[in-house]
Amino acid sequence: MSKVRIAFTLNGKRVETLAESRELLIHVIREQLGQTGSHIGCDTSHCGACTVDMNGKSVKACTVLAVQAEGAEIITVEGLSVNGQLHPVQEGFLQEHGLQCGFCTPGMLMRAYRFLQENQNPTEAEIRIGMAGNLCRCTGYQNIIKAVQYAAKKLQSGARG
Ligand code: FES
Ligand code: FES
């Protein structure tokens with residue numbers, strides 16, 4: 001099958017690659033561009049392990065065709081920390097023990113990152129709804145909620161968003 005050239009911004013850098021028209025964004029990000037932080041948990045749009053930020057929205061990268069990323073601005077978990085300084089959502093997961101096996105964590109972080117820009121002062125119920133598309137098979141949800149609350153407070157205090 002012939003390949004299509006696509007170019008987009010990935011974690012602040014312009015990247016160019018070739019993809020088949022039916023190829024999924026998650027495969028291109030992981031296998032061609034070497035950003036393996038985004039995981040594949042189900043490949044059916046259920047688990048959220050593949051969540052990335054695309055043009056200011058959380059998307060499940062197993063549900064997006066790579067060619068749809070043409071010209072897009074994409075952030076993966078690799079793009080969250082800056083100069084070795086963790087983003088408040090990463091710090092929250094660390095401080096509140098929001099990860100167990102860690103497989104769901106990159107997707108959780110990316111969803112929390114966007115959710116806290118959509119809602120800067122969420123209630124616990126809003127956090128639960130906002131994170132509902134991301135599954136943790138260890139069922140460590142309580143600490144994940146606390147981690148998002150930690151990050152919300154930190155961001156409200158003026159930390160980098
Ligand atoms: S791998 Fe994309 S939602 Fe599960
Ligand atoms: S920490 Fe293991 S799946 Fe979430």
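Mentor: A polar contact is a pair of N or O atoms within 3.5 Å; within protein, one atom must be able to donate a hydrogen and the other to accept it, and residues adjacent in sequence count only if both atoms are side-chain atoms. Between domain 1 and domain 2, 8 residue pairs are in polar contact, with both residues at pLDDT 80 or more.

Trainee: On what conventions do such values rest?

Mentor: This is a predicted model, in which local features need pLDDT of at least 70 and side-chain atom pairs count only at pLDDT 80 or more, while totals for chains, interfaces and linings use all residues. Residues are numbered from 1 along each chain as its sequence is written, chains are lettered from A and ligands numbered from 1 in the order in which they are written, and side-chain values use heavy atoms, with hydrogens and water left out.

Trainee: Where do domain 1 and domain 2 lie in the protein chain?

Mentor: Domain bounds come from an automatic or database domain assignment. Here, domain 1 covers 3–77 and domain 2 covers 88–159. Their C-alpha centres are 22 Å apart. The contact (heavy atoms within 4.5 Å) involves 19 residues from domain 1 and 14 residues from domain 2.

Trainee: How much area do domain 1 and domain 2 bury between them?

Mentor: Buried area is the accessible area (1.4 Å probe) that two parts lose on being put together, summed over both. For these domains the value is about 1300 Å², with 56% of it on carbon and sulfur atoms. Of the area that domain 1 buries against domain 2, His39, Cys47 and Val77 supply 34%, more than any other three residues.

Trainee: How many salt bridges are counted between domain 1 and domain 2?

Mentor: A salt bridge requires a side-chain nitrogen of Lys or Arg within 4 Å of a carboxyl oxygen of Asp or Glu. The count between the two domains is 1. Arg114 and Asp53 form a salt bridge through their side chains, at 2.8 Å from N to O. Strand 3 (51–54) and strand 4 (57–60) each supply at least two residues of the side of domain 1 that touches domain 2.

Trainee: In which sense do strand 3 and strand 4 pair?

Mentor: Strands (E, at least two residues) are DSSP runs, numbered from the N terminus, and two of them pair if DSSP finds at least two bridges between them. Strand 3 and strand 4 are antiparallel over 4 bridges, with Val52 bridged to Val59 in strand 4. Their hairpin has 2 residues between the strands, and Asn55 takes a positive phi near 50°.
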